[in-house]
Amino acid sequence: MRQKNRPSGQVSQSIAVSAALMLALFLLPLAVVAPFRSALFGREDPADETGPEAESPPPPPVSGGLDASRTLRVLDGERVLEMDLGTYLTGVVRGEMPASFQTEALKAQAVSARTYTLYKLQSGGNHGETADICTDQTCCQAYAGEEAARAKWGENADAYEAKVEAAVRETDGETALYGGVPILAAFHSSSAGMTRAAGEVWVNDLPYLQAVSSPETGDRVPNYYSRAEFTEEELRAKLQAAFPAADLSGGMEGWLKNAAADGAGNVESVQVGGVTAKGTQVRSALGLRSACFAWEIQEGKMVFFVTGYGHGVGLSQYGANAMAEAGADYREILTHYYTGVTVEPYAAGGG
C-alpha cells in the first residue's frame with residue numbers, strides 16, 4: 001500500500017530528530033566514562049598458562065575480510081605502530097582473556113574488543129592525532145604480542161594461538177550494535193552473581209549496560225574472594241585523601257556507616273565520616289578488587305572481604321566462559337551481557 005506523502009516540514013523535522021538521537025548515542029557514553037577511563041576494564045591476569053617457550057614456528061597471521069581492510073595507528077609505549085584491525089584484535093584477545101577459555105567465550109571477547117575499538121575510533125579516543133588506540137589496559141585495552149604470549153603459554157602455544165586467531169577470524173567484522181552503532185563495550189573479569197548498570201558505577205546510565213545475571217562461581221575463578229586490611233592510621237590516610245570533608249575523628253568503627261547494597265552485595269553508597277560516597281569511590285580509595293565488599297574490625301585492624309574483580313559493568317569474562325561451557329554461543333553471550341544489542345558485521349567508516 002502506497003503511503004501518503006508527508007509535508008516537507010515534517011520530513012525535515014524527522015531527519016533532524018533522527019540525527020540528534022544518533023549523535024546522543026555517541027556523546028552520552030563519553031559523559032559516562034570520561035572521569036573513569038583508568039577503571040573502565042577490570043580484569044584478572046590470564047591464569048594457568050605458564051610454561052617454557054615453544055619451539056614450533058608460529059602459524060600464519062590473521063588476514064582477510066572487514067578487519068583486514070581497516071588500518072589502525074596503535075600507540076605502544078613511545079612508538080606508534082600501524083597494523084590492521086584483525087592483527088590488533090588478536091593481540092587484544094591474547095592479552096585480555098585466558099586462551100584456555102572456551103572457544104565461544106574467546107569469540108565473545110573478540111567481538112567486545114572489536115566493538116570497543118570501533119567505538120573509540122568514532123568517538124575520538126584518548127590520543128588525539130597521535131594514535132587511534134593504545135596497548136595500555138588502564139587507558140584502552142591490554143595487548144600481547146605473539147612472542148610474549150607463546151613464552152607464557154609454553155607447550156600449549158600452538159593450540160592457544162590457533163584458538164585466538166580463529167576467534168578473531170571467525171567473527172570478522174562482527175560488532176555489538178545499539179541503534180545501528182557500536183556500543184561502549186565495557187568488560188571485566190568476574191562478577192558477584194550479577195553485573196552492574198553503568199549508572200551505578202559511573203556518571204550516567206546507558207540502555208545497553210544494565211544489570212544482568214552472571215553464572216561464574218568462586219571455585220572456577222582465581223582470587224574470586226579476597227581480603228584487604230588496614231591499620232587505623234592507614235585507613236584514615238586513604239579515606240581522608242579521597243574524601244577531604246569526611247569527619248574521621250573518633251574510632252574507625254564509626255567511619256563507615258549506612259551502607260546500601262544491591263542484590264549481589266555491591267555497595268551502591270556508604271557514609272564515609274558523614275560524607276555520602278559511592279561504593280566504587282571507596283573501592284578506588286582503598287584499592288579493593290571490586291565494590292562488592294563488607295568489613296569488620298579484627299585485632300585492631302579494619303578488614304574488607306571482597307568478591308569478584310573489576311567494575312562489574314558489561315561482559316564478565318569468567319561469566320562468558322561459564323555460559324560457553326553450558327552450551328551458549330558467542331552471540332548468546334553478547335546479547336545476554338549487552339542489553340538490547342544486535343551482533344552483526346559493521347563496516348561504516350572503514351579504511
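**Reading strands, helices and cores**

Modeller: Let us begin with one pair of strands: β4 (residues 174–178) and β14 run antiparallel and are joined by four bridges. The structure is a predicted model, in which local features need pLDDT of at least 70 and side-chain atom pairs count only at pLDDT 80 or more, while totals for chains, interfaces and linings use all residues. Residues are numbered from 1 along each chain as its sequence is written, and side-chain values use heavy atoms, with hydrogens and water left out.

Colleague: In which order do the three strands of the open sheet with β4 and β14 stand?

Modeller: Strands of a sheet pair through backbone hydrogen bonds, either parallel or antiparallel. Strands here are DSSP runs of E with at least two residues, helices are runs of H or I with at least four, and both are numbered from the N terminus. Two strands pair if DSSP finds at least two bridges between them. In this case the order is β5-β4-β14, with antiparallel pairing. The edge strands, each pairing on one side only, are β5 (181–182) and β14 (342–345). Within the pair of β4 and β14, Leu177 has Thr342 as its bridge partner.

Colleague: Which helix lies across these strands, and at what angle to β4?

Modeller: An angle is taken between axes, which are lines fitted to C-alpha atoms (for helices over the stretch in contact), and runs from 0 to 180 degrees between N-to-C directions. Contact itself means heavy atoms within 4.5 Å. Here helix α4 lies across β4, β5 and β14, at about 60 degrees to β4.

Colleague: What is the order of the open sheet that contains β1, and is its pairing mixed or antiparallel?

Modeller: The order is β2-β1-β3, and the pairing is mixed. Because β2 (79–84) and β3 (133–134) stand at the edges with a single partner strand each, one side of each has no neighbour in the sheet. Strand β1 (residues 71–76) runs parallel to β3, and two bridges join them; Leu75 stands opposite Cys134 in β3. Helix α3 lies across β1, β2 and β3, running at about 110 degrees to β2.

Colleague: How does one describe the crossing of α3 and α6, and at what angle do their axes cross?

Modeller: The axes of α3 (residues 85–96) and α6 (residues 157–169) come within 9 Å and cross at roughly 130 degrees. That makes α3 oblique to α6, since angles under 35 degrees count as roughly parallel, over 145 as roughly antiparallel, 65 to 115 as roughly perpendicular and the rest as oblique. The contact involves Gly86, Leu89, Thr90, Val93 and Arg94 of α3, together with Glu161, Val164, Glu165 and Val168 of α6. An α-helix has 3.6 residues a turn, so residues three or four places apart point the same way.

Colleague: Which residues of α10 and α11 meet?

Modeller: Gly319, Ala320, Met323 and Ala324 of α10 meet Glu332, Ile333, His336 and Tyr337 of α11. The axes of α10 (residues 317–325) and α11 (residues 330–337) come within 10 Å and cross at roughly 135 degrees, which makes α10 oblique to α11.

Colleague: Which residues touch the most other members of the largest nonpolar core?

Modeller: A nonpolar core is a set of buried Ala, Val, Leu, Ile, Met, Phe, Trp, Tyr and Cys residues joined through side-chain atoms within 4.5 Å. Buried means under 20% relative accessible area, exposed over 50%, and partly exposed in between, with a 1.4 Å probe and protein chains only. Of the 67 residues in this core, Tyr88, Leu209, Leu315, Ile333, Leu334 and Tyr338 touch the most other members. Helix α4 (residues 103–123) supplies the largest share, nine residues. Apart from this core lies another of 21 residues, including Phe230 and Phe293. Beyond its neighbours within four places in sequence, Ile333 is in contact with residues including Glu104, Ala108, Leu315 and Met323.

Colleague: How many residues lie between β8 and β9 in their hairpin?

Modeller: Five residues lie between them, and Gly265 in the turn has a positive phi of about 95 degrees. Strands β8 (residues 256–261) and β9 (residues 267–272) run antiparallel with four bridges, and Ala260 stands opposite Ser269. The hairpin of β9 and β10 has two residues between the strands, where Gly273 takes a positive phi near 55 degrees.

Colleague: Is Gln281 in helix α9 buried, exposed or partly exposed?

Modeller: Gln281 counts as partly exposed because its relative accessibility is 39%. Six of the eight residues of α9 (residues 279–286) are buried, so the helix is largely enclosed by the rest of the structure. Among the buried residues are Val282 and Leu286. Gln281 and Ser269 are twelve residues apart in sequence and 9.1 Å apart in space, C-alpha to C-alpha.
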